Amino acid sequence: MKRLTLAIALSAALLGCQDKDQGPAKPAPELQLSAADLAAGKAIAERECKGCHGLDGRGAAPGIPHLAAQRARYLVAALNEYKQGKRMHAALRDIASHLSEAEARNVAGYYASLPPVQSAATAESAYASPYEHGRKIAAACEKCHGADGNSTAPGIPSLAGQQPQYVVAAIQEYLQRERKAAPMHALLPGLTKLDMETLALYFASQAPAQRAAPPSGDPAAGEPLSAVCGGCHGARGVSGDSATPSLAAQDARYLVDAIKAYRTTRKREKMRLYVTGLSDKEIQNIAAFYAVQKSQAAEKGQTLLKDLTDRCERCHAAEAAIPGMVVPKIRGQDRDYLIMALRAYRDDRRESSMMHKMSLPYSDSVIEGLSSAYAKQPAR
């Protein structure tokens, strides 16, 4: 999301790019398809692999990757990672452990020689386009929060341009009754975690409207008082952290109520320590200062999936395979497998520091959307 982007920089999915700190891997002649004994490889596939991957290289169930037409060097590298315990799968580790280098090369060559699997059309994932899914849910929010999340009702916060991880956290706080309830909150229990993420992405991608000075409070007097706030909430209230809210262009009355709530009900110790020493007049001035600041969209959800796939193609496209980098083909791959693999990189359960860093900012809804986009592409 930039961080979800829901905040934006990914090269996405299976094994990922070779870590820079390890240096570029030199292609080994023994890993080339021409060096493999395909008949011997087929015999190994018949004995060890066909139960899950079939003799045609098609995954037998959702979550099992297709191996047909995959790059042989990638398949050998994957087997070595299972053997070394860098990937966690008990059965595959056992199989990989008793394969010799020649056998691993042969079975990889066999699967690489097969024609690519062309997946049958499947039902569209609800989150295939997280931005569009979020737009549908957001329609129920407009009555209070305004068109595209720009509130015009005093005391009701604007959601346009707000940081997405913060919006998800705020929804969860309402559900856990850590924030004061309101009529709209009766709709929240029906949202799944993925629904919340797509809703947050949609609002984060909207342009915040400029506000006039509020009837109470002095923006000029509030500016010096905001110095401490800027350390977390960004220069002039535009946050650069997906989990920290932007304050710029926010409704002044809402800001006053929120700041005062940190004195009592809202659980943020650092906030409580700072706001406890502020007078009501100073709080009004701070709110007035932030209300008139210009804000901006935190995300680009409208083009998010295209931006991500463009980045992924730099390494993963068949025609863009970079010498010295061991990366898989991912077009037409099983969607559930792509989701599991990318989550594993993000959560640091699969070794690749580069892929971990690139996937860390992304929510489950973005990972699902990206995986759906690649699964729908023709394999080659």
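Tutor: A residue is called buried if its relative accessible area is under 20%, exposed if over 50%, and partly exposed in between (1.4 Å probe, protein chains only). The model is predicted, so local features need pLDDT of at least 70 and side-chain atom pairs count only at pLDDT 80 or more, while totals for chains, interfaces and linings use all residues. Residues are numbered from 1 along each chain as its sequence is written, and side-chain values use heavy atoms, with hydrogens and water left out.

Student: Why is D148 called partly exposed?

Tutor: Its relative accessibility is 34%, which falls between the limits of 20% and 50%. D148 lies in the loop between helix 6 (142-145) and helix 7; helices here are DSSP runs of H or I with at least four residues, numbered from the N terminus.

Student: What makes the phi of D148 worth a remark?

Tutor: Phi of D148 is near 60 degrees, a positive value in a residue that is not glycine. Most residues other than glycine have a negative phi. A69, in the loop between helix 1 and helix 2, also has a positive phi, near 65 degrees.

Student: Is A69 buried or exposed, and how do you know?

Tutor: A69 counts as buried, because its relative accessibility is 9%.

Student: How do you know that the span of helix 2 agrees with the expected value?

Tutor: The expected span is 1.5 Å times one less than the number of residues. For the twelve residues of helix 2 that gives 16 Å, and the end C-alpha atoms are 17 Å apart, which agrees. Helix 4 (residues 101-113) has 13 residues and reaches 18 Å, close to the 18 Å expected.

Student: What makes helix 2 mostly covered?

Tutor: Nine of its twelve residues are buried, among them R73, Y74, L75 and E81. They pack against helix 3 (90-97), helix 4 and helix 15. After helix 2 comes G85, with a positive phi near 80 degrees.

Student: What covers the buried residues of helix 4?

Tutor: The cover includes helix 1 (38-53) and helix 2 (72-83). The buried residues of helix 4 include R105, N106, V107 and Y110.

Student: What makes a set of residues a nonpolar core?

Tutor: The members are buried Ala, Val, Leu, Ile, Met, Phe, Trp, Tyr and Cys residues joined through side-chain atoms within 4.5 Å. The largest core here has 33 residues, of which I171, L191, L199, F203, L308, L370 and Y374 touch the most other members. Helix 8 (193-204) is one of the helices that each supply at least two residues, and its six residues are the largest share. A second, separate core of 24 residues includes C49, A96, V107 and L114.

Student: Why is the pair of Y131 and Y202 called tilted?

Tutor: Rings of Phe, Tyr and Trp (its six-membered ring) pair if their centres lie within 6.5 Å; planes under 30 degrees apart are stacked, over 60 edge-to-face, and the rest tilted. Y131 and Y202 are 5.3 Å centre to centre, with 45 degrees between the planes, so the pair fits the tilted class. Y131 lies in helix 5 and Y202 in helix 8, so the pair ties together parts 71 residues apart in sequence. Both residues are buried, and ring pairs link them with F203 into a cluster.

Student: How do you know that R179 lies over the face of Y174?

Tutor: A charge sits over a ring if NZ of Lys or CZ of Arg is within 6 Å of the ring centre and within 35 degrees of the ring normal. R179 is 5.4 Å from the ring centre of Y174 and lies over its face. R266 likewise lies over the face of Y262, at 5.2 Å.

Student: Why is C141 in no disulfide?

Tutor: A disulfide needs two cysteine sulfur atoms within 2.5 Å. For C141 the nearest cysteine sulfur, that of C144, is 8.6 Å away. For C232 the nearest, that of C229, is 8.8 Å away. The structure holds zero disulfides.

Student: Which of the two classes, buried or exposed, applies to C141, and which to C232?

Tutor: C141 counts as buried at 11% relative accessibility, while C232 counts as exposed at 54%.

Terms used: Contact means heavy atoms within 4.5 Å.
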